[in-house]
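This report goes through one chain by its strands, its helices, its core and two of its loops. Please keep the sequence and the coordinates at hand while reading.

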Amino acid sequence: MTVQDAQDRPVDDALVARTVDLAARNVDEGGKPFATLLVKDGEVVLEATNQVSQTGDMTAHAEITAIRRAAEQGITSLEGYEVYVTASPCPMCLGALYYAAPDRVVFAVTREEEGEEYEDGGRYMTLATFYDELSKPTGERNLPHVQGEADDATEPFRRWTAKNT
Ligand SMILES: [Zn+2]
């Protein structure tokens with residue numbers, strides 16, 4: 001499927017509503033207000049919610065949880081899948097989705113709409129600043145991020161390439 005085809009395909013609003021309902025139910029269960037559906041050929045293959053509060057795993061956002069559940073079912077690429085999410089993904093989940101490479105992401109609310117109702121972030125970022133952090137040079141990011149030295153630090157990469165090409 002081309003990017004344009006994915007962009008033009010009609011959105012299933014019933015699935016958008018299901019994502020919102022699932023997120024609301026997760027709040028009732030003590031969780032954060034985010035859910036994800038993995039959809040193939042219009043059918044929901046699996047659903048997941050943000051599990052950060054329930055598990056203490058800081059990376060257990062709904063999208064990441066869905067990708068992990070998919071892997072447990074033997075789904076190791078999201079080509080051919082659509083990912084329905086409550087809110088336009090945070091940079092962590094967006095990064096994960098670039099790796100997982102679904103055909104497209106369908107979101108119920110923009111991050112601006114989310115930000116009007118919900119405070120997200122930590123000591124280095126907020127919902128409003130997180131995306132801009134990524135475009136800053138390494139030394140200017142709020143999260144200190146510096147390079148150390150090791151002898152032949154690129155050796156693991158050469159080893160992998162030698163073994164796999
Ligand atoms: Zn996220």
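The sections below move from the whole chain to its sheet, one helix, the nonpolar core and two residues with positive phi.

## Overall layout

The model is predicted, and every value given here was computed from it. The chain holds eight helices and four strands, and in sequence order these elements follow the pattern α-α-β-β-α-α-β-α-β-α-α-α. Along its principal axes, the C-alpha trace spans about 55 × 40 × 35 Å.

Of the 165 residues in the chain, 26% are buried. When contacts are restricted to residues at least 6 apart in sequence, 43% of them join residues at least 24 apart.

## The strands and their pairing

Strand β1, residues 35-40, pairs with strand β2, residues 43-49, in the antiparallel sense, and six bridges connect the two. They form a hairpin with two residues between them. On its other pairing, β1 is joined to strand β3, residues 81-87, by five bridges, and these two strands also run antiparallel. L37 illustrates both pairings, since its bridge partner in β2 is E47, while in β3 L37 stands opposite Y84. T36, for its part, stands opposite V85 in β3.

Pairing changes sense between β3 and β4, which are parallel and joined by five bridges. The chain passes from β3 to β4 through helix α5, residues 91-100, and this β-α-β crossover is right-handed. Within the parallel pair, A87 has V109 in β4 as its bridge partner.

How many residues of β3 are buried? Seven of the seven are, so β3 is largely enclosed by the rest of the structure. The corresponding count for β1 is five of six residues, so β1 too is largely enclosed by the rest of the structure.

## Helix α2 and its two sides

Helix α2 covers residues 13-28, which is 16 residues. At 1.5 Å a residue, α2 should span 22 Å, and its end C-alpha atoms lie 23 Å apart, so the length in the model agrees with the expected one.

Four residues of α2 are buried, namely T19, L22, A23 and N26. Around the helix axis they cover an arc of only 100°, which places them on the same side of α2. The general background is that an α-helix has 3.6 residues a turn, so residues three or four places apart point the same way. The exposed residues D13, A14, A17, D21, A24 and D28 are found on the other side of α2.

What covers the buried residues of α2? The cover includes β1, β2, β3 and β4, the last of these being residues 104-109. Just after α2, G30 takes a positive phi of about 90°.

## The nonpolar core

The largest nonpolar core has 26 residues, and those with the most contacts inside it are A35, L38, A62, A66 and V83. At least two residues of this core come from each of α2, β1, α4, β3, α5 and β4, with α4 being residues 62-72.

A66 can be followed in more detail. Setting aside its neighbours within four places in sequence, A66 is in contact with T36, L38, L46 and A48. Among these partners, L38 is also listed with A66 as one of the core residues with the most contacts.

## Two residues with positive phi

Most residues other than glycine have a negative phi. Against that background, two aspartates deserve attention during inspection of the backbone. D41 has a positive phi of about 50° although it is not a glycine, and D152, likewise a residue other than glycine, has a positive phi near 50°.

Where in the chain is D41 found? It is in the loop between β1 and β2, in the turn of the hairpin that those two strands form. D152 lies instead in the loop between α7, residues 130-135, and α8, residues 155-164.

Are these residues buried or exposed? With 12 or fewer other C-beta atoms within 10 Å as the cut-off for an exposed residue, D41 is exposed because it has 8. D152 is exposed as well, because 7 other C-beta atoms lie within 10 Å of its own.

Definitions and conventions. Residues numbered from 1 in each chain as written. Predicted model: local features only at pLDDT ≥ 70, side-chain atom pairs only at ≥ 80, totals over all residues. Buried ≥ 20, exposed ≤ 12 C-beta atoms within 10 Å, placed from the backbone. Pairing = 2+ DSSP bridges. Contact = placed C-beta atoms within 7 Å. Expected span 1.5 Å × (residues − 1). Arc of directions from axis to C-beta. Right-handed = clockwise from strand over helix to strand, strands pointing away. Core = buried A, V, L, I, M, F, W, Y, C linked by C-beta atoms within 7 Å.
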